[in-house]
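Reader: Could you take me on a close look at the side of one chain that touches its partner, and then at what surrounds that part? I work at the bench, so please spell out the cut-offs as you go.

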Amino acid sequence: MNAEMTVLLTAIFAACACSLVGTFLILRRMAMMSDAISHAILPGLVVAYFIANGPNLIVGTLGAAVAGVTTVFLVEALQRTGLVKSDAAIGIVFPALFAFGTFLVSRYFSQVHLDADAVLFGEIAFAPFDRLIVFGNDIGSQPLIVLAFLTIVNAALVLLFYKELKLATFDPGLAASLGLSPLIIHYGLMTAVSFTTVGAFAAVGAILVVALLIVPAATAYLLTDRLDMMIVLSLASGIASAVIGYYVAMAFDVSISGMMAVTGGVIFALAALFSPTHGIVARAIRRHRLRDQFAVDLLVLHLHHHRTASESPDHLARELNWSEGRLREVITRATRNGLVAMTDGRVALTNAGQQAAASHHLAIAHVAATAPPAHGPQAATIAD
Amino acid sequence: MPDLLHDVIFDYTLRNVALGSALLGIVGGVLGTFAVLRRQGLLGDALAHAALPGIVLAFMLTGSKASIVLMLGAAISGWLGTLLIIRIVQDTRLSEDAALGVILTVFFGLGVVLLTHVQHSNNANQAGLDQYLFGQAATLVEENVITMAALGSVALFLVALLFKEFKLLSFDPEFGASLGYPMRGLNVLLTSSIVIAVVIGLQTVGVVLMAAMLIAPAAAARQWTNRLGVMLALSGLFGASAGVAGAMISVTARRVPTGPMIILCITAIVVVSILFAPERGIVWDAIRRRRMRRAALARGPEVAA
């Protein structure tokens, strides 16, 4: 396998391993916790380096994963004291651990190659040269093998515990009453996140691993309401970020992991703007359409209510508190729908309009009748 | 110790480092109080990361490394990041922490891309831009400290001037609005002041650790008082003490980075506060509980009946 292919595949597996667990981080509102975990891994790596007396894949991974889970524990312990709010707890714990890590590095390992850049944004370009040697045999690029392995493990975990994860994420109360310990699921997931972060850390660094965990999953969340679909879309957008990011970075000779994050951001922005269901544009259009529809209904109901044969536009504009232009707009739309008609410069309901108003076949009546209690006040103001 | 005191006053480098760290501690502590009370602590973290592309872009556009130029770039891109976070929370179904995470990492990624671009372009002048990642207090010169002092006084002046309004904004914005205060404008002013606090700290503690300089002093101060005025003063004091102590330790001990040392100092203050602060501290709480249990046991079972 050539070097270029190794880097690209490493990037893709990093994205896949991260997207799989990232989906649950987004759904469980733990995005910033993963940020904390990724920073806290540094002291774990350093201590492991100290214990193993050098770089050691297994000790290092375990050390870092323990540090990750410890972070979660510390944050939650701090929150439980009730003395510090949840976001402040995260903001106190991870800088402390990260500062401790950097302190250890500069104090005791300043001669070791563990420099700032590698910690923060990784060295995915070196992936082909970092070999995994087992019993003297070179079996391939270490980051690639580690990340491929993590992808398989995470996929297996998600498939195996799909039902449990789904239930615990969407209805923790029911999950608990069915005997699924929320604590086990929570810490199980956090352990998976920790291992994934350690694995991806060497390739993409402490902060950009968070980009791979969160951004594709957040993108997918804007595109679907189904969990299985969300995982698939999250994987797809993660892989797209990796591939596009890699080639753009190569073309402009810039950081590959940085470009992967930026590409992920662009895909996210596109989804946020143009998602057919939850996009900002689609929402605005829907809101606009609904407002127009309500205006037409209001006009029809008003005419029906007053039971006069017809009304003058001036009077209507005053009564409904609409500008002349707005009224004209609404009348045009209502005329097009066949609900009202203009005769001699006066507005009157058509037969269809009368029927619609009488039989409540209007959006207003519909909303007012079926609106859930949570939307009560809103529906009431509309119906009034 | 007298030698150290002598050096702080007369040694050029040491004086700048100590002054800069103290300034950062005060401003971060005071503005962080509002951030923490409004549950916006992590916004400071996102903002600090979002400032990175602004720093590099400011350098690319002007070719200057003057701190006022870089701080301006940092402030603009930090502001933009904050704005986007607010919009994402308002206009999409994502929760605040997802919005923070997305903006934080994407902006930071952009910063890294720009940084590597500058580094690969053989611009000899770029060396030192990456000190903004971890901060490098030892490189503070008088010009930096003066810029920090000027910007910091603006932020502190705003707090002094609008103390009552910011208090209202932090505790009961609806009530403030009903009294006719322009809460939106106040919000913009307060957030801008927090941006200033973050930007001031970037060169000293770096984008990664800046969040702690906002959150930790305020969280520690909160344990000692229920009054906002006292909390602000304590928080500024804690921040400044940690800044100076961290700077002193890193200068006197060998191979100890300043930024992380400052963070470790402020963390120690947090731990002590959470354990021992009167009324709220964990230790006092445990003692109180034990005493109550003992009293209840001594009173005997008739209490239950």
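Author: Happy to help; here is the contact side, then the core, then a few single residues and one helix.

A word on the ground rules: this is a predicted model, in which local features need pLDDT of at least 70 and side-chain atom pairs count only at pLDDT 80 or more, while totals for chains, interfaces and linings use all residues. Residues are numbered from 1 along each chain as its sequence is written, and chains are lettered from A and ligands numbered from 1 in the order in which they are written.

Chain A has 17 helices and 4 strands; helices (H or I, at least four residues) and strands (E, at least two) are DSSP runs, numbered from the N terminus. On the side you asked about, 51 residues of chain A are in contact with 50 residues of chain B, where contact means that C-beta atoms, placed from the backbone, lie within 7 Å. Two or more residues each come from helix H2 (31-52), helix H4 (86-108), helix H5 (116-121), helix H9 (182-221) and helix H11 (256-274) of chain A. H4(A) gives the most, with 14 residues. By type, this side of chain A holds 34 nonpolar, 10 polar and 7 charged residues; Ala, Val, Leu, Ile, Met, Phe, Trp, Tyr, Cys and Pro count as nonpolar, Asp, Glu, Lys and Arg as charged, and the others, Gly among them, as polar.

Now for the interior. Of the 384 residues in chain A, 44% are buried. A residue is buried with 20 or more other C-beta atoms within 10 Å of its own, exposed with 12 or fewer, and partly exposed in between, the C-beta atoms being placed from the backbone. Among contacts in chain A with a separation of 6 or more, 67% join residues 24 or more positions apart.

The largest nonpolar core has 209 residues, and those touching the most other members are Ala11(A), Ala14(A), Ile92(A), Ile214(A), Ala51(B) and Ile103(B). Such a core is a set of buried Ala, Val, Leu, Ile, Met, Phe, Trp, Tyr and Cys residues joined through C-beta atoms within 7 Å. H9(A) supplies the largest share of this core, 26 residues. Leaving out residues up to four places away in sequence, Ala14(A) touches Leu147(A), Ala200(A), Ala203(A), Val204(A), Leu212(A) and Ala242(A). A second, separate core of 14 residues includes Val300(A), Val340(A), Leu349(A) and Ala356(A).

Back to H11(A), where Phe274(A) is placed. Phe274(A) is partly exposed, as 13 other C-beta atoms lie within 10 Å. Beyond its neighbours within four places in sequence, Phe274(A) is in contact with Gly279(A) and Val281(A). Leu222(A) is 52 residues from Phe274(A) in sequence, yet their C-alpha atoms are 9.5 Å apart.

Two loop residues also deserve a look. Asp253(A), in the loop between helix H10 (227-252) and H11 of chain A, has a positive phi near 55° without being a glycine. Asp253(A) is exposed, with 11 other C-beta atoms within 10 Å. Asn321(A), likewise not a glycine, has a positive phi of about 60° and sits in the loop between helix H13 (313-320) and helix H14 (324-336) of chain A. With 7 other C-beta atoms within 10 Å, Asn321(A) is exposed.

Finally, a helix in chain B: H13(B) (residues 282-299) has none of its 18 residues buried, so it lies largely in the open. From first C-alpha to last, H13(B) reaches 26 Å, close to the 26 Å expected at 1.5 Å a residue, the expected span being 1.5 Å times one less than the number of residues. Gly300(B), with a positive phi near 90°, follows H13(B).

Methods. Contact = placed C-beta atoms within 7 Å.
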